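Q: I have not worked with this protein before. Could we go through its structure together?
A: Certainly. Here it is.

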Amino acid sequence: MESVRGEPVPEDVTALRRFNRYFTRRIGALDDRYLGQDRPLGEARLLFEIAGSRTGVPLRDLRTRLGLDAGYLSRMVKALEAQGMVRLGTHPEDSRMRTVEPTDAGRAEVAEQNRRADVLVSGLLRGLAPDQRLRLTDAVATAQRLLRLAAVTVVPVDARTADARACLDAYAAELDARFPEGFDPADLVGPGEVSGDAGAFLVAYEEGRPVGCGALRRTEPGVGEIKHVWVHADARRLGLARRLLDALEAEAAARGLAVVRLDTHPALTEARTMYERAGYTEIPAYSDHVYAGHWFEKRLPGV
């Protein structure tokens, strides 16, 4: 397949677009009356998201979660309000923040929306044998996991920012719970160790929320050390830790570092497995780090 500019389109792009066209038609996403109710899919999905909260959802959270333009979101919310489906309010802790919550009528419509959606999907699956349903369920779960990973952004940030510190605080709390001897947050890298020429600090964002981090610091000429690779529990099993590791290696290569090293605690068996699969080789101790029980090294290609 070629694009309108005559350039070849990768097969994975073509395949995903083909699936999108097929699936949106089969579930009725193109109908102005989604699931036979008196509203298009966009409004139906927005009402579904709002109905999931009993205390009111900040409009800014909805914009981020659904990736909507502020003006478009405002128009849909006003339409739902005029129909008696939702009501607007202000956040109890910040009067400048607008919130929206469902009315009883809104909750009732979402309940009916869920019932109709279940019927629709049951009909789609009826033509499959049990083993085929299982294969489809596994394929859908895999597709969702990979699409979530694809939507995550990994960017360098100042290690002094609130997002960076929140990630490190969560990382430290988790290690304190997992290590038999506990963990002292004083062991965390300081902002100066991972800033400017000294190193870098990366944060992974999913829908605007920090869900992972990793640090790189230069330890000697041509050698860098990777520290604090962490992923929030809600974003695990996506492959995000490996993506953070790859991004830190790319950052090291861009800085002219030929070798990266890292260490890990004996309790973090999953970390050791990931490092070995990523091409790291276990080496003798290169530091007297109190929490280290295994030390690894990797030579970066092309540096």
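Q: Which residues of the largest nonpolar core touch the most other members?
A: This is a predicted model. In it, the largest nonpolar core has 47 residues, and those that touch the most other members are Phe201, Ile226, Leu240, Leu245, Tyr275 and Tyr280.

Q: And which elements give two or more residues to this core?
A: Three helices and four strands do so: the helices are α7 (162-178), α8 (240-254) and α9 (269-277), and the strands are β5 (199-206), β6 (209-220), β7 (223-231) and β8 (259-264). Helix α7 gives the most, with six residues.

Q: Take Leu245, then. What does Leu245 touch, leaving out residues up to four places away in sequence?
A: With those left out, Leu245 touches Ile226, Leu262, Met274, Tyr275, Ala278 and Tyr280. Of these, Ile226, Tyr275 and Tyr280 are also among the core residues that touch the most other members.

Q: What lies apart from that core?
A: Another core, of 16 residues, lies apart from it; Ala51, Leu80, Met85 and Val100 are among its members.

Q: Changing topic: in what order do the three strands of the open sheet come?
A: The order is β1-β3-β2, and the pairing is antiparallel. Strands β1 (57-58) and β2 (86-91) stand at the edges, each with a single partner strand, so one side of each has no neighbour in the sheet.

Q: How many bridges join β2 and β3?
A: There are six bridges between β2 and β3 (residues 94-102), in the antiparallel sense. One example is Gly89, whose bridge partner in β3 is Thr99.

Q: Now the surface. Which residues make the nonpolar patch?
A: Leu16, Phe19, Tyr22, Phe23 and Leu147 make a nonpolar surface patch of about 490 Å². Helix α1 (residues 11-26) gives the most to the patch, with four residues.

Q: Leu16 is in that patch; is Leu16 buried or partly exposed?
A: Leu16, which is found in helix α1, is partly exposed, because its relative accessible area is 41%. As a general point, nonpolar side chains in soluble globular proteins tend to be buried together.

Q: One last residue: where does Gly196 lie?
A: Gly196 lies in the loop between α7 and β5. Gly196 counts as exposed because its relative accessible area is 51%, and the cut-off for exposed is over 50%.

Q: How far apart are Gly196 and Asp158?
A: Their C-alpha atoms are 9.4 Å apart in space, while Gly196 and Asp158 are 38 residues apart in sequence.

Definitions and conventions
Residues are numbered from 1 along each chain as its sequence is written. This is a predicted model: local features need pLDDT of at least 70, side-chain atom pairs count only at pLDDT 80 or more; totals for chains, interfaces and linings use all residues. Side-chain values use heavy atoms; hydrogens and water are left out. Patches are made of residues with over 30% relative accessible area and no salt bridge: like charges are joined within 9 Å, nonpolar side chains (Val, Leu, Ile, Met, Phe, Trp, Tyr) within 5 Å. Accessible areas come from the Shrake-Rupley method with a 1.4 Å probe; for residues, only the protein chains shown count as cover. A salt bridge is a side-chain nitrogen of Lys or Arg within 4 Å of a carboxyl oxygen of Asp or Glu. Buried means under 20% relative accessible area, exposed over 50%, partly exposed in between (1.4 Å probe, protein chains only). Two strands pair if DSSP finds at least two bridges between them. A nonpolar core is a set of buried Ala, Val, Leu, Ile, Met, Phe, Trp, Tyr and Cys residues joined through side-chain atoms within 4.5 Å. Contact means heavy atoms within 4.5 Å.
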